[in-house]
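User: I have a fold on my screen and a few quick questions. Can you walk me through it?

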Amino acid sequence: MTSKKVAKMLNEQINAELHSAYIYWDIAKYFECKGLKGFASWYEEQAKEEISHAKKIYGYMQNEGCYIKFEQISSLKEDITDDLSAAKLALKHEKDITALINNIYAQCYKDADYRTMKFLEWFIDEQAEEEDNAREVVTLIKLAGNSKSALYLADVKMGKRKAA
């Protein structure tokens, strides 16, 4: 049985995942306005993925009989000033989400909530992939530097992401 503390943390994670989608839509909007449709598309897909993460946790909590409360989603606190700041914001955010999931896992261990620990293992693996992907975007933008042709090629690469 999921403890009240773990249930509260899972509920907070649902809201964090939905906030992630909000952040990614904001980043997608930034790239769309710059005419970088590949980057915009990549971040739109990322937003969809974050919603699927929220739904996965929601479903688990429903099966466990946990109370779920949706909170207000706040707007982006940071201003996106350039391509690199957008990518770095996404990477920082993924690291923050990883920390939240790790904290839930640690609480599960304290509470001997092995079923939820097993459930969270997928998210732990997923976060490693999410951080790697976000880091790759930072690298692509850094490598492009001030070269418009390199940025164009990076945009084409980003636009090839398939829906999950």
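User: Start with a detail. Is glutamate 71 buried, partly exposed or exposed?

Analyst: Glutamate 71 is partly exposed, with a relative accessible area of 43%. Keep in mind that this is a predicted model.

User: What does the side chain of glutamate 71 meet in a salt bridge?

Analyst: Lysine 69. The N to O distance is 3.9 Å. The cut-off for a salt bridge is within 4 Å. Lysine 69 is partly exposed too, at 41% relative accessibility.

User: Step back. How many helices and strands does the chain have?

Analyst: Five helices and zero strands. From the N terminus on, the order is α-α-α-α-α.

User: What does the C-alpha trace span along its principal axes?

Analyst: About 55 × 25 × 25 Å. The chain has 164 residues, and 47% of them count as buried. It exposes about 9300 Å², with carbon and sulfur atoms supplying 55% of that.

User: And contacts between residues at least 6 apart in sequence: what share joins residues at least 24 apart?

Analyst: 79% of them.

User: Now helix α1. How many residues, and what reach?

Analyst: α1 has 30 residues. From first C-alpha to last, α1 reaches 44 Å, close to the 44 Å expected at 1.5 Å a residue. In numbering, α1 covers residues 4-33.

User: Which glycine follows α1?

Analyst: Glycine 35. Its phi is positive, near 85°.

User: On to the interior. Which residues touch the most other members of the largest nonpolar core?

Analyst: Ile27, Phe31, Phe39, Tyr43, Ile80 and Val137. That core has 29 residues. At least two residues of it come from each of α1, α2 (37-64), α3 (83-110), α4 (114-144) and α5 (148-158).

User: Which helix gives the most?

Analyst: α1, with seven residues. There is also a second, separate core of 20 residues. Its members include Ala7, Ile14, Tyr60 and Ile104.

User: Any general background on cores?

Analyst: In soluble globular proteins, nonpolar side chains tend to be buried together.

User: Back to tyrosine 43. What is tyrosine 43 in contact with, leaving aside neighbours within four places in sequence?

Analyst: Tyr24, Ile27, Ala28, Phe31, Ala87, Ala90 and Val137. Ile27, Phe31 and Val137 are also named with Tyr43 among the core residues that touch the most other members.

User: Surface next. Which residues form a nonpolar patch there?

Analyst: Tyr22, Trp25 and Ile73. Together they have about 290 Å² of accessible area.

User: Where are the two aromatics, and how exposed are they?

Analyst: Tyrosine 22 is in α1, and tryptophan 25 is found in α1 as well. Tyrosine 22 is partly exposed, with a relative accessible area of 39%. Tryptophan 25 is partly exposed at 42%. Both can belong to the patch because patch residues need over 30% relative accessible area.

User: What is tyrosine 22 in contact with, beyond its neighbours within four places in sequence?

Analyst: Ile73, Ser74 and Ser75. In addition, the C-alpha atoms of tyrosine 22 and alanine 47 are separated by 7.0 Å. Those two residues are 25 apart along the chain.

User: Salt bridges again. How many in the whole structure?

Analyst: A search finds 11. One of them joins aspartate 26 and lysine 29, at 2.7 Å, N to O.

User: How are aspartate 26 and lysine 29 placed in helix α1?

Analyst: They are three residues apart, so about one helical turn separates them. An α-helix has 3.6 residues a turn, so residues three or four places apart point the same way. Lysine 29 counts as partly exposed, at 49% relative accessibility.

User: What about aspartate 132 and arginine 135, at what N to O distance do their side chains meet?

Analyst: 3.0 Å, in a salt bridge. This pair is three residues apart in α4, which means about one helical turn lies between them. Aspartate 132 is partly exposed, with a relative accessible area of 47%. Arginine 135 is partly exposed too, at 34%.

User: Which residues are linked in a network of salt bridges?

Analyst: Glu131, Asp132 and Arg135.

How values were computed: Residues numbered from 1 in each chain as written. Predicted model: local features only at pLDDT ≥ 70, side-chain atom pairs only at ≥ 80, totals over all residues. Heavy atoms only, no water. Patch = residues over 30% accessible without salt bridge, like charges linked within 9 Å, V, L, I, M, F, W, Y side chains within 5 Å. Areas by Shrake-Rupley, 256 points an atom, 1.4 Å probe, with all protein chains shown as cover. Helix = DSSP H or I, 4+ residues; strand = E, 2+ residues; numbered from the N terminus. Buried < 20%, exposed > 50% of the residue type's maximum accessible area, 1.4 Å probe, protein only. Core = buried A, V, L, I, M, F, W, Y, C linked by side-chain atoms within 4.5 Å. Contact = heavy atoms within 4.5 Å. Expected span 1.5 Å × (residues − 1).
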